[in-house]
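Here is the note you asked for. The points below follow the chain from its overall make-up to its ligands and then to single residues.

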Amino acid sequence: MKRMSKWMGWAAAGIIVCVGSASAEEKAPAAEKKAPAAAFIGTSKCKMCHKPQFESWAKTPHAHALKSLENATPEQVEQAAKKLGIVVKGKAGEQASCLICHVTGHGQEGGYTAEKGKKDMLDSVSCEACHGAGSIHMKAKKEEKPKTINGRPGEAQCLVCHTKVMSPAFKFEEYVKKGVHESFKKPK
Ligand code: HEC
Ligand code: HEC
Ligand code: HEC
Ligand code: HEC
């Protein structure tokens, strides 16, 4: 009798272990699931719903950042290349090593390519360069929208491009005032 119950105890423990490990296995893949990453949709889409920000942004130097590459003098190109420690062969407006900071989402899903540049208005430092890719935001229900995009881009977003080498005079407080669209949020 004593033996029997001991055996049953082990069996029960075995079942518990089995159940325990099975459910742990089931849980593991779910826990590894990542939130789906948003893709770039382009300024032409943001513009449909955020016209005041768009019009105000269009007056900032960011809105013609690709033109600055295309119109850069050979001296300017050489200067920039020297700062970056690279050699530019061909047009500056076609160099990945220049485009990376002068367009939006270069080399990323839905981001700038020569074909999509003008059509989707990714041919500049546009909305998604600061706010992040917007495909999820665009499709989200109205009440979910604020949660699906970075509504307060901070210094970290600027420093991706305004590096010490390329923008030595960068100061967040000063640059925010002259480089970001006006803010149209109604005072609370
Ligand atoms: C179909 C319409 C629509 C499109 C397209 C759209 N938005 Fe929005 N967006 C909204 C609405 C609605 C809100 C919520 C406004 C509110 O609550 O005041 C919002 C809110 C925001 C906010 C503020 C978030 C916060 O924290 O309050 C930002 C920033 C923003 N959108 C940026 C963008 C950008 C960048 C794009 C393009 C990539 C874009 N939106 C495309 C409708 C849109
Ligand atoms: C790491 C990001 C980055 C890279 C890479 C980069 N730039 Fe720029 N570029 C900037 C920033 C930021 C500014 C604005 C600097 C400021 O005013 O503080 C700028 C400004 C410029 C300007 C001056 C625009 C004007 O009219 O005032 C030119 C021209 C230019 N870049 C050319 C180039 C060329 C050519 C390359 C490639 C060899 C290049 N850039 C690569 C970030 C970058
Ligand atoms: C250089 C970075 C930058 C770019 C480019 C940019 N934004 Fe913003 N945006 C900001 C910052 C920073 C704030 C927060 C402003 C604040 O705190 O008052 C903001 C706030 C907003 C808001 C919240 C409401 C408001 O007006 O403050 C919306 C909506 C928005 N941006 C839409 C856009 C759209 C649409 C574009 C492109 C046409 C765009 N932004 C381009 C940096 C940027
Ligand atoms: C994707 C790269 C990128 C990001 C992100 C970015 N910038 Fe820029 N910024 C540039 C480039 C490139 C220029 C030069 C544009 C031109 O003149 O062609 C520039 C120019 C400027 C200028 C004009 C400087 C001058 O001398 O007139 C200001 C101000 C500025 N940026 C502020 C900001 C702020 C503030 C942020 C963050 C909220 C930011 N930028 C984010 C690339 C970027």
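What percentage of the 188 residues in the chain is buried? Buried residues make up 18% of them. Please keep in mind throughout that this is a predicted model.

1. Confidence. The chain has a mean pLDDT of 87, and 80% of its residues reach 70 or more. The pLDDT falls below 50 over residues 9–31. That stretch has zero contacts in the model beyond near neighbours in sequence. Residues 9–31 should be read with this in mind.

2. Overall make-up. The chain contains 11 helices and zero strands. Its pattern along the sequence is therefore a run of α elements, α-α-α-α-α-α-α-α-α-α-α. If we take the contacts between residues at least 6 apart in sequence, 54% of them join residues at least 24 apart.

3. The nonpolar core. In soluble globular proteins, nonpolar side chains tend to be buried together. Here the largest nonpolar core has 19 residues. Cys98, Val103 and Leu122 have the most contacts inside this core. Helices α4, α6 and α8 are the elements that give two or more residues to the core.

4. Leu122. What does Leu122 touch, not counting residues up to four places away in sequence? The list includes Phe40, Gly42 and Thr43, as well as Val103, Thr104 and Gly105. Also in the list are Gly111, Tyr112, Lys116 and Gly117. Val103 appears here as a contact of Leu122, and Val103 is also one of the residues with the most contacts inside the core.

5. Ligand 1. The shell around ligand 1 has 17 residues, and the closest are Cys46, Cys49, Cys127, Gly134 and Gly151. Three helices, α2 (43–49), α8 (127–131) and α9 (135–139), each supply at least two residues of this shell. Helix α2 gives the most, with four residues. By class, the shell has eight nonpolar, five polar and four charged residues.

6. Ligand 2. How many residues surround ligand 2? There are 23, and Ala80, Cys98, Cys101, Met166 and Ser167 are the closest. At least two residues of this shell come from each of α4, α5 (74–84) and α6. The shell divides into 15 nonpolar, eight polar and no charged residues. Cys98 is among the closest residues to ligand 2, and Cys98 is also among those with the most contacts inside the largest nonpolar core.

7. Ligand 4. Ligand 4 has 21 residues around it, of which Pro61, Ser68, Cys158, Cys161 and Gly179 come nearest. Helices α4 (65–70), α6 (96–102), α8, α10 (155–159) and α11 (172–179) each supply at least two residues of the shell. The largest share, four residues, comes from α11. In this shell, 13 residues are nonpolar, seven are polar and one is charged.

8. His102. This residue lies in helix α6. Is His102 buried or exposed? His102 is buried, because 25 other C-beta atoms lie within 10 Å and the cut-off for buried is 20 or more. Leaving aside neighbours within four places in sequence, His102 is in contact with Ala65, Leu66, Ser68, Leu69 and Val125. His102 and Ser68 are 34 residues apart in sequence, yet their C-alpha atoms are 8.3 Å apart in space. Ser68 is also one of the residues that come nearest to ligand 4.

9. Lys83. Lys83 lies in helix α5. Lys83 counts as exposed because it has 12 C-beta neighbours inside 10 Å, and 12 or fewer is the cut-off for exposed. Not counting residues up to four places away in sequence, Lys83 touches Val165 and Met166. Lys83 and Met166 are 83 residues apart along the chain, and 7.2 Å separates their C-alpha atoms. Met166 is itself among the closest residues to ligand 2.

10. Ala39. Ala39 is placed in the loop between α1 (2–32) and α2. Why does Ala39 count as partly exposed? Ala39 has 15 C-beta neighbours inside 10 Å, a count that lies between the limits of 12 or fewer for exposed and 20 or more for buried. Ala39 touches Glu109, Gly110, Ala133 and Ser135, residues up to four places away in sequence not being counted. The C-alpha atoms of Ala39 and His137 are separated by 10.0 Å, with the two residues 98 apart along the chain.

Conventions. Residues are numbered from 1 along each chain as its sequence is written. Chains are lettered from A and ligands numbered from 1 in the order in which they are written. A residue is near a molecule or strand if its C-beta atom, placed from the backbone, lies within 6 Å of it. Ala, Val, Leu, Ile, Met, Phe, Trp, Tyr, Cys and Pro count as nonpolar, Asp, Glu, Lys and Arg as charged, and the others, Gly among them, as polar. pLDDT is the predictor's confidence in each residue, from 0 to 100. Two residues are in contact if their C-beta atoms, placed from the backbone, lie within 7 Å. A nonpolar core is a set of buried Ala, Val, Leu, Ile, Met, Phe, Trp, Tyr and Cys residues joined through C-beta atoms within 7 Å.
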